[in-house]
Amino acid sequence: MPAGLFRALLTVAGAVAAIVVAIAISSVAILAAGASPTQAFAAFFDFGETERSVVNGIATMLNRSVPLFIAGLAVAIGFRMNLFNIGVEGQYKIAAVCAAYVGSLFVAPAPIQILVIIVVAAAVGGLYALIPAVMKVTRGVNEVISTIMLNFIAIQLAAFLVRGPFTGQRTEGQLTTNTPLLPESAWFPNLNVLFELFGLPAPRGGGLWGFLAVAILLGMGIWVLLERTRFGFDVKASGLNPSAALASGVNPKKMVISAMVLSGAVAGLIGLPEILGDKHTFGSNFTPGLGFLGIAVALLGRNKPAGIAVAALLFGFLDRAQGPLQFASVPPSVIMIMQGAIVLLVVIANEITSRIAVRHEERRAAQQLGRNTPVEVAA
Amino acid sequence: MSSDPLAAARPAVELAGITKRFPGVVANHDVCLTVEPGTVHAIVGENGAGKSTLMKILYGMQQPDEGTIKVNGQEVAFRTPSDAIAAGIGMVHQHFMLADNFTVLENIVLGAEPSKGLVLDSGRARERVKELAAGHGLQVGPDRLVEDLGVGDRQRVEILKVLYRGARILILDEPTAVLVPQEVDELFETLRELKAGGLTVIFISHKLDEVLSIADAITVIRRGTTVTSVDPREVTARQLAELMVGSELPTPETRESTVTDTVMLKVSGLTIEADGHRPIPKGASVSAYADRLRAEGRRLLLDDVSFEIHRGEILGIAGVEGNGQSELIEAIMGMRPAHGDIALGGEDITSWSTLKRRESGIGYIPEDRHRQGLLLEASLWENRVLGHQTRPPARSGIWINRRASKADTERIVKDYDVRTPSVDTLALALSGGNQQKLIVGREMSSEPTFLIAAHPTRGVDVGAQAAIWDHLRNARAAGLAVLLISADLDELIGLSDTLHVIYKGRLVARLDPSDVTPERLGGYMTGAITGTEET
């Protein structure tokens with residue numbers, strides 16, 4: 001068996017084992033809450049009776065997964081070189097409010113309008129991440145601490161901006177404040193056509209967000225960047241062995257700044273699926289916590305774009321069951337227990353499987369050498 | 001201890017038919033070893049021959065699949081090192097396991113503290129340690145901090161630690177690897193005292209001259225099994241080495257000089273402060289600045305170091321580790337700020353980045369290949385790219401050229417005899433010698449004009465050592481300038497055209513390698529001989 005395949009199978013086996021144990025742990029939690037685990041797990045797979053409700057469920061799950069995927073990518077870029085960007089949460093909030101406001105200031109043809117919004121979001125996220133990066137390379141401030149602190153600033157700043165300078169028209173009886181509504185040219189076309197292809201009805205509301213396509217392209221782009229380019233090699237080397245990277249001529253300061261800014265720029269895009277695809281504005285009730293969940297998603301996906309996609313889909317799948325769980329009279333916080341348990345167990349499983357893989361590799365090498373090489377040592 | 005009067009006559013350790021398999025690999029097979037009590041028994045073998053697995057089995061860190069272990073005539077089955085310690089076996093590891101910020105006494109009793117109720121009984125501990133130290137000639141001040149101790153003293157603390165736990169059988173894993181000749185003599189004196197005190201010493205080494213001078217019996221291990229046991233009085237180092245390798249072996253020897261007139265690397269006034277780099281005040285020269293720092297009583301890691309290396313010259317730097325060698329390398333590589341000037345081929349490179357220095361033809365074989373030389377969790381071909389990611393064949397535009405990198409790694413694997421299943425194997429799966437050959441091959445592949453070789457054959461078996469020496473010699477003949485830093489004095493004397501000794505950050509002597517002995521070199525390295533300049 002090729003080594004790569006063995007490693008991949010081992011990873012999958014570890015993840016499956018982790019999920020099985022996580023289900024067992026959640027069952028205990030559900031029992032303790034006085035509900036039935038079988039009903040609860042049935043609720044996760046209960047997408048409703050009619051075609052339309054199934055379609056709605058799938059669209060909800062995918063719509064939830066897209067920002068989580070982008071958040072996971074943002075975190076993973078830092079993780080790849082042992083740089084803990086905990087500030088994704090703040091970076092996406094500040095980027096979202098700025099992008100939503102700038103986008104509402106002008107009207108241009110749709111592609112230009114959307115492109116400008118994306119660029120503004122990435123630029124704001126990247127610039128905000130530049131602050132902890134500069135602090136780290138000039139003064140040695142640990143990025144974990146600085147990014148956590150900058151999160152508080154960003155969240156409060158975003159709340160202030162949306163109430164103050166960036167606020168838009170508030171309609172009668174509305175409790176939230178929002179940035180001005182985006183012009184229609186900034187409304188990202190949905191992907192409901194995918195359902196229609198299979199003869200299914202279109203989902204309700206905003207439908208399947210079109211930003212899904214952008215996220216897939218982004219994931220592929222980041223894979224290429226990390227796995228195939230010189231920059232990606234430098235990131236990998238810095239992550240695996242900083243001293244060796246330094247000795248090989250990689251400039252650690254430059255790497256910290258570029259990886260952090262790239263991570264922040266990707267983080268800036270997290271809010272866009274919702275803004276461009278559904279709300280068309282940034283409001284005080286904008287979905288929170290995506291940056292923190294992104295850390296879990298990146299861990300679960302082992303910092304690889306494909307793994308992050310699977311992890312984001314799993315989280316989306318679990319989050320979708322909020323409603324059905326309540327119908328089955330199971331507290332929906334079970335979802336968070338499951339997510340927490342899965343991440344914890346997958347981290348443990350990763351550690352175990354990577355040790356097994358390393359040992360396997362050593363043995364395989366020793367075995368092949370024992371067979372192939374002559375016994376005498378050449379002098 | 002057994003009250004059986006026959007116990008004294010029984011072997012202290014008897015291993016019979018020991019076999020240890022890892023899936024697909026047999027690490028040890030049919031190992032037989034008899035160690036008589038009150039002797040120093042040496043076990044010699046190449047790296048990877050199975051010495052360490054065998055010792056791990058004897059120390060209870062691994063369990064054998066087959067075979068029996070008898071200690072003092074009684075069959076034992078160790079499950080953990082604690083079982084081995086209880087049976088009177090102690091191990092002194094190659095890498096010291098001491099807490100630097102503790103005193104000698106604290107380190108010795110750590111983990112086996114005598115107590116009065118809940119309180120540490122330091123009075124009793126002190127008595128026992130003094131007793132042991134006096135009884136075995138292991139004098140170390142019990143209240144000194146370990147961080148202030150030299151290597152030899154640290155080793156004595158390690159031995160005391162083992163004795164304190166009641167060991168009667170000591171396993172010493174490559175104890176001389178970190179010592180200079182004078183310290184080796186002291187260690188041997190200690191071992192003789194231990195032997196006189198009735199203790200048994202198992203001495204693992206591949207330095208054959210030392211083995212011959214200290215051991216009462218020698219067992220040779222090759223490819224996982226015991227080849228033979230010999231009497232040190234009846235065997236020469238060369239015969240022993242051939243038993244180890246199973247073939248004829250070479251030595252690093254001087255050949256006709258290939259030194260040219262062209263200066264390749266010129267280092268002048270290189271100075272590094274111990275307490276952080278500060279810019280030199282305007283107008284002051286480096287040596288004046290260094291003088292001032294010395295006058296202020298500041299410690300200098302590098303103190304006004306100047307030398308030249310010509311094309312086709314190997315310049316060796318001898319010195320006890322920690323006397324500025326690492327700092328010198330890092331300054332030349334541009335990884336550490338330093339005062340003074342560095343010129344490569346007549347061009348001033350003082351302000352250049354590490355990357356630019358590498359691109360302009362500096363190759364680097366680092367002293368610690370795991371720390372600075374390799375990405376252990378990456379494949380061999382990715383390790384080939386490391387340090388060359390800006391140059392072909394590794395790079396094309398913004399991309400890493402995977403195909404060309406792999407092809408070039410195949411070439412290195414072939415030319416440098418790296419034993420590996422494929423170039424996609426992870427670097428950690430290779431033995432130390434093969435990892436080192438890969439690094440040497442990589443650094444040579446960009447045709448450097450100047451090479452830093454720091455401990456190029458450390459932890460490498462005899463076969464690979466000879467190959468690496470050959471590569472260095474060939475490159476030297478082709479005009480390469482080499483800065484060689486090594487702890488292996490034979491290697492330094494054998495390969496170098498010029499030899500400098502570094503002591504406390506200063507180049508204290510310049511010696512002619514053709515008429516210097518390791519003993520005299522050791523004298524300069526420890527500061528025992530000072531001041532003479534020979535040319």
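This passage walks through the domains, nonpolar cores, surface and backbone features of a predicted model.

A good place to start is the layout of chain A. The domain assignment divides this chain into domain 1, made of residues 1-46 + 321-370, and domain 2, made of residues 66-312. Between the C-alpha centres of domain 1 and domain 2 of chain A there is a distance of 27 Å. To the contact between them, domain 1 of chain A gives nine residues and domain 2 of chain A gives five residues.

Turning to the interior, the largest nonpolar core holds 155 residues, and A:F44, A:L272 and B:L521 are the residues with the most contacts inside it. Helix α3 of chain A, which covers residues 51-79, supplies the largest share of this core, with 15 residues. Both domains of chain A take part as well, since at least three residues of this core come from each of domain 1 (1-46 + 321-370) and domain 2 (66-312). For readers who would like to follow one of these residues on the structure, B:L521 offers a handy view. When neighbours within four places in sequence are left aside, B:L521 touches B:A318, B:L489, B:I493, B:L499, B:V501, B:L511 and B:V516. A second core, separate from this one, has 47 residues, among them B:A133, B:L179, B:L194 and B:F203.

Nonpolar side chains also appear at the surface. In chain A, a nonpolar patch of about 400 Å² is formed by A:I145, A:I148, A:M149 and A:F152. Of these, A:I148 belongs to helix α6 of chain A, residues 143-163. A:I148 counts as partly exposed because its relative accessibility is 32%, a value between the limits of 20% for buried and 50% for exposed. The loop between α5 (110-139) and α6 of chain A contains A:N142. With a relative accessible area of 38%, A:N142 is likewise partly exposed. A:N142 and A:F6 are 136 residues apart in sequence, and their C-alpha atoms are 37 Å apart in space.

Chain B provides another pair for a distance check. B:R403 sits in helix α14 of chain B, residues 402-415, and counts as exposed because its relative accessibility is 73%. Along the chain, B:R403 and B:L293 are 110 residues apart, and 53 Å separates their C-alpha atoms.

The backbone has a few details worth a closer look. Most residues other than glycine have a negative phi, and most peptide bonds are trans. In chain A, A:H280 is not a glycine, yet its phi is positive, at about 60°. A:H280 is part of the loop between α12 (272-279) and α13 (290-300) of chain A, and this histidine counts as buried because its relative accessibility is 9%, where buried means under 20%. In chain B, a positive phi of about 50° is found at B:K504, which is not a glycine either. The loop that holds B:K504 lies between β23 (498-503) and β24 (506-511) of chain B. B:K504 is exposed, because its relative accessible area is 56% and the limit for exposed is over 50%.

Finally, the peptide bond between B:P392 and B:P393 is cis, with omega at about 5°. B:P393 is located in the loop between α13 (380-385) and β19 (395-396) of chain B.

Definitions and conventions
Residues are numbered from 1 along each chain as its sequence is written. Chains are lettered from A and ligands numbered from 1 in the order in which they are written. This is a predicted model: local features need pLDDT of at least 70, side-chain atom pairs count only at pLDDT 80 or more; totals for chains, interfaces and linings use all residues. Side-chain values use heavy atoms; hydrogens and water are left out. A nonpolar core is a set of buried Ala, Val, Leu, Ile, Met, Phe, Trp, Tyr and Cys residues joined through side-chain atoms within 4.5 Å. Buried means under 20% relative accessible area, exposed over 50%, partly exposed in between (1.4 Å probe, protein chains only). Helices (H or I, at least four residues) and strands (E, at least two) are DSSP runs, numbered from the N terminus. Domain bounds come from an automatic or database domain assignment. Contact means heavy atoms within 4.5 Å. Patches are made of residues with over 30% relative accessible area and no salt bridge: like charges are joined within 9 Å, nonpolar side chains (Val, Leu, Ile, Met, Phe, Trp, Tyr) within 5 Å. Accessible areas come from the Shrake-Rupley method with a 1.4 Å probe; for residues, only the protein chains shown count as cover. A salt bridge is a side-chain nitrogen of Lys or Arg within 4 Å of a carboxyl oxygen of Asp or Glu.
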